[in-house]
Amino acid sequence: MARMAEIDRPNCPLYNDQKLKLGLFGTNCSNGLTVSHAETTYRATWEHSVAIAKRADAMGFEMLVPIARWRGFGGTTDFNGNCFETYTWAAGLAAETERIMVFSTSHVPTVHPIVAAKQCVTVDHISNGRFGLNLVMGWFTPEMEMFGATQRQHDERYGYGSEWLGIVKRLWTEEEPFDFEGKYFRVRQGQAHPKPLHKPYPVLVNAGISPAGMDFSAREVDFNFLTLDTIEHGKDLVTELQRRAHGYGREMGVMMFAMMICRDTEREALEVRREILDKGDWGAATNIMKVLGVESGSFQEQVKSFGERFILGWGGYPLIGTPAQVVDQLKMISATGIQGVILGFLDYHEEMAYFERAVMPLLKQAGLRR
């Protein structure tokens, strides 16, 4: 095997000196993270996606992370039914932004590793090294069936993903053509040029928290994106993930996703929460939970208690209250060792303006941002 290139991350925001990295999650899909008919100006249009991305870029956010979705979840909203494909979405936003990192989220069974490797490098060059890849093993069975694929058992999905990613990494780092014969793939004289600008390859993330998922993250990626049930549990998860990474002789960062409802008063924030729940699409939320509870080892212990969380923000940790209250929660989250939070909002573009005005100064006072 050819020698791997040295690490070179000059334009990668996830390695800057901000104590708590910030990002947005789900701005490429209808309803974003909120499974509800609650009033919002958010729409899954290209124009609106660009406006949100530019605002986040101007605010100094580190990342934009999309949801990969090939069909909706039904219900009265058909939650996430309108969704931009994430490689081309990332390419478009890379050209429209200057500093923020743009991710693609890829269900690995839906794209061949040779195609994915080339797509990633293309966006990496468009963004001048600001690209990252969020790896998903393909948990939503109806989507896999759309592709004519048989859904694998949970742990086998990670075996498939490891082989897939191993090919991609070789294409990114090896100069000479190579042959590969594995359980799932056969490659003859595999090669790919140009190579990524970000060396040795773009930032890789995964959100698995099942034992197989944590092991995959510890072995293969740069950051795990947790689904956090309680802040207290967060420290244990961070410790376990880092223990596993150290077992492979690696360092790995840990981040999470959260839903923010921040208003001038706690009462106002709770009123918005109540509106989201009262207008929630419980049919779609039930469809999501049925699939996760039956088919995703990452959620087996949590799914029954997450009903309202799915309505509020796709199961993300709820940051609800005044600016001071949400900053206090973010301080506690940071203290667990979590290095960043990707956020969902009911109304991304408008609420980010409030975030910049009311929350960001308090984050700086708390030492979480500079």
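Modeller: A cavity is a set of grid points where a 1.4 Å probe fits but cannot get out. This model is a predicted one. A search of the whole structure finds two cavities of 30 Å³ or more.

Colleague: What makes the second largest cavity count in that search, and how much space lies in it?

Modeller: The cut-off is 30 Å³. The second largest cavity holds about 50 Å³ of space, so it passes the 30 Å³ mark and is enclosed in the sense that a probe cannot get out.

Colleague: Which residues line the second largest cavity?

Modeller: Its lining consists of P109, M137, M144, A149, T150, Q151, R152, R157 and Y160.

Colleague: How does that lining divide into nonpolar, polar and charged residues?

Modeller: Five are nonpolar, two are polar and two are charged. Arg counts as charged, so R152 and R157 are the charged pair.

Colleague: Y160 is in that lining. Is Y160 buried or exposed, and how do you know?

Modeller: Buried means under 20% relative accessible area. Y160 has 9%, so it is buried.

Colleague: What about rings: how many aromatic pairs does the structure hold?

Modeller: There are 20 aromatic pairs. Y160 and Y184 form one of them, with 5.1 Å centre to centre and 65 degrees between the planes.

Colleague: Why is the pair of Y160 and Y184 called edge-to-face?

Modeller: Two values decide. The centres must lie within 6.5 Å, and here they are 5.1 Å apart. Planes over 60 degrees apart count as edge-to-face, so 65 degrees earns the name.

Colleague: What does this pair tie together?

Modeller: Y160 lies in helix α5, residues 154–173, and Y184 lies in the loop between β5 (178–181) and β6 (186–190). The pair therefore ties parts that are 24 residues apart in sequence.

Colleague: Why does Y184 count as partly exposed?

Modeller: Partly exposed lies between 20% and 50%. Y184 has 22% relative accessibility, so it falls in that range.

Colleague: Y160 also pairs with F185. Why is that pair called tilted?

Modeller: Its planes are 50 degrees apart, with 5.2 Å centre to centre. Under 30 degrees is stacked and over 60 is edge-to-face, so 50 degrees is tilted. This pair links Y160 in helix α5 to F185 in the loop between β5 and β6, 25 residues apart. F185, at 9% relative accessibility, counts as buried.

Colleague: Where do ring pairs form a cluster?

Modeller: They link F73, F79, W139, F140, F310 and W314. W314 sits in the loop between α10 (307–313) and β10 (317–321). At 9% relative accessibility, it is buried.

Colleague: What makes the phi of W314 stand out?

Modeller: Most residues other than glycine have a negative phi. The phi of W314 is near 60 degrees, a positive value. Q189, in strand β6, also has a positive phi, near 55 degrees.

Colleague: How do you know that R170 lies over the face of F178?

Modeller: The charge must be within 6 Å of the ring centre and within 35 degrees of the ring normal. R170 is at 4.1 Å from the centre, and it lies over the face.

Colleague: Which peptide bonds to proline are cis?

Modeller: Among them are H193 to P194, with omega near 5 degrees, and K199 to P200, with omega about 0 degrees. P194 lies in the loop between β6 and β7 (203–206). P200 is in that loop too.

Colleague: And the whole chain: how many helices and strands are there?

Modeller: The chain has twelve helices and eleven strands.

Colleague: Why is the chain called as compact as a globular protein of its length?

Modeller: Its radius of gyration is 20 Å, and the globule rule gives 21 Å for 370 residues. The two values are close, so the description holds.

Technical notes: Residues are numbered from 1 along each chain as its sequence is written. This is a predicted model: local features need pLDDT of at least 70, side-chain atom pairs count only at pLDDT 80 or more; totals for chains, interfaces and linings use all residues. Side-chain values use heavy atoms; hydrogens and water are left out. Rings of Phe, Tyr and Trp (its six-membered ring) pair if their centres lie within 6.5 Å; planes under 30 degrees apart count as stacked, over 60 as edge-to-face and the rest as tilted. Helices (H or I, at least four residues) and strands (E, at least two) are DSSP runs, numbered from the N terminus. Buried means under 20% relative accessible area, exposed over 50%, partly exposed in between (1.4 Å probe, protein chains only). On a 1 Å grid over the protein atoms alone, a cavity is a set of points where a 1.4 Å probe fits but cannot get out, and a pocket is an open set with protein on both sides within 12 Å along at least five of seven lines; lining residues have an atom within 4 Å of a point. Grid points are joined across faces, edges and corners, and a volume is the space filled by probe spheres set on the points. The radius of gyration is taken over C-alpha atoms; the globule rule is 2.2 Å times the number of residues to the power 0.38.
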